[in-house]
Amino acid sequence: MQLRRRMLTSAIALSMVGLLAACGGDNAENTTPTNDGGTNEPVNEPADNGEANANNGNDANMNEENGEMNDAAGDGEQVTLTYARGLDATGATEVLIEAFEEQNPNITVEFREMPADTGASRDQYVTEFSAGDNSIDVFDADVIWPAEFAQAGYVYELDRFIERDGIDMSEYFEGTVDSGTFDGRLWAMPKFTDAGLLYYRSDIVDTPPATWDELIEMAGQFAGEEGTEFGYLMQANQYEGLVVNAIEFMGAYGAEVLDADQNVTINSPEAVAAIEKMMEIAQSDFVPSNILNFDEPATHTAFLEGQAVFARNWPYMQAMTEDEGQSQVVGNVDFALLPAGDAGSAAGLGGWMTMINRNSEHPEEAWELVKFMTGPEGQKITAIDGGSAPTLRALYDDEEVQNAAPLFANEEFVSTLENAVPRPVSPIYPQISDIMQIELSRALAGEITAQEAVENMEQQIEAALAE
Ligand code: GLC
């Protein structure tokens, strides 16, 4: 593990990043034993008016005086929940569901797989939820969705469940709780957190690159060794992953998309330097010729086949690299912080939360599933079987977790997770992301310069914010 020596520069760069306000909220939800039907009131119209109407419709389910546990499942009724999330290449989802069903014999969970691409998943959820569809009860939400979904009235508010069941949110990483908080209330429980990492072949590389320039040099030099074909893999397809990769370069070179006052600050020499570095890599001969089609699954497939020396990916890939059934590089992989630019090293913040469809007919059972998956037992399964980073601090001291995923025993990695760089925090994030995806993609393809890309992004993001 080579994380320690570069932690300092990274901490300096990352400490510049401000996180959102702490989770507040005393308002919550409560269903009564007989009120499953109470969840069926008309669905909120999706709010595209920018108004916070997140609580619309929720009050019918609230029972302010009654703090009792209302367990519709307690009467022995058999309930089937549908749980949705994107492709899980690690197999952890099956283990999670099995463990939950074993402890809740009255609940059956049907799994629905959504697209691996987070943007495509979001579009599908928005289509269903805005039509009042109740076929999905519980779903995993990317950290960039909760504010939008809460505002649109697609999901249950969770504070009452949390209070009733005595869940202490201070045991979770603050930033992950912030991601699930909108309008002072919590709408999503943190399931796992993500930060970009540099994976490398320890049978080829002794000391991982400290800077992006060193990475470029080493990737060019080592490509071809030990049966590899490529020096570096990243996510350069035109989708959300491209934005995260760009945010990491921008963080490393001291650029940001929006400042704290939501001014668009992307047209800066720092952003140009960041995008130029990214272009240099994407256009180099040490990446696959189809790098502009690469997403996370393409990255892990090629890396596990032993095709590349370095790869940028999320923590989930660590579990796969050591799985003999999937990996040809078992024992030959180590991790490091992403390389630094002029301003240090920056890891993009990702992660997934769990939410309940506002139209679910089984909110109590849905909450039981959410509570299990995001509680210590569920997160331990996700960490051990899925290789994904817990949002509960205590699990980093758990021996079984540490043994299964050495990355989680590394303090520097844990602080990288806590300091990762969020994407722009804005109610119109999906639009900002679309603009960035298009312009970055054109730059990486060599159709426009980095300067043109930042000018276009500036102008379009400003127009979108002004709408
Ligand atoms: C990972 C992250 C998520 C991000 C996505 C981009 O799933 O956890 O936050 O949006 O990658 O592809």
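Where does the ligand sit? In this predicted model, the ligand sits in the largest cavity. The shell around the ligand is made up of 13 residues, and at least three of them come from each of domain 1 (2–6 + 195–348 + 426–466) and domain 2 (13–194 + 349–421).

**Surrounding residues**
- Among the 13 residues that surround the ligand, the closest are Asp142, Asp194, Glu296, Gly351 and Arg423.
- Sorted by class, the shell consists of five charged, four polar and four nonpolar residues.

**Polar side-chain atoms at the ligand**
- Asp194 places a polar side-chain atom 2.5 Å from an oxygen atom of the ligand.
- For Glu296, a polar side-chain atom lies 2.7 Å from a ligand oxygen atom.
- Arg423 likewise has a polar side-chain atom 2.7 Å from an oxygen atom of the ligand.

**Burial**
- The ligand taken alone exposes 310 Å².
- Of that area, the protein buries 92%.

**Contributing elements and domains**
- Two elements, α8 (240–252) and β13 (349–356), give two or more residues to the shell around the ligand.
- The strand β13 gives the most, with three residues.
- Domain 1 and domain 2 each supply at least three residues to the shell.

Technical notes. Residues are numbered from 1 along each chain as its sequence is written. This is a predicted model: local features need pLDDT of at least 70, side-chain atom pairs count only at pLDDT 80 or more; totals for chains, interfaces and linings use all residues. Side-chain values use heavy atoms; hydrogens and water are left out. A residue is near a molecule or strand if one of its heavy atoms lies within 4 Å of it. A polar contact is a pair of N or O atoms within 3.5 Å; within protein, one must be able to donate a hydrogen and the other to accept it, and residues adjacent in sequence count only if both atoms are side-chain atoms. Accessible areas come from the Shrake-Rupley method with a 1.4 Å probe; for residues, only the protein chains shown count as cover. On a 1 Å grid over the protein atoms alone, a cavity is a set of points where a 1.4 Å probe fits but cannot get out, and a pocket is an open set with protein on both sides within 12 Å along at least five of seven lines; lining residues have an atom within 4 Å of a point. A molecule sits in a cavity or pocket if more than half of its atoms lie within 2 Å of its grid points. Helices (H or I, at least four residues) and strands (E, at least two) are DSSP runs, numbered from the N terminus. Ala, Val, Leu, Ile, Met, Phe, Trp, Tyr, Cys and Pro count as nonpolar, Asp, Glu, Lys and Arg as charged, and the others, Gly among them, as polar. Domain bounds come from an automatic or database domain assignment.
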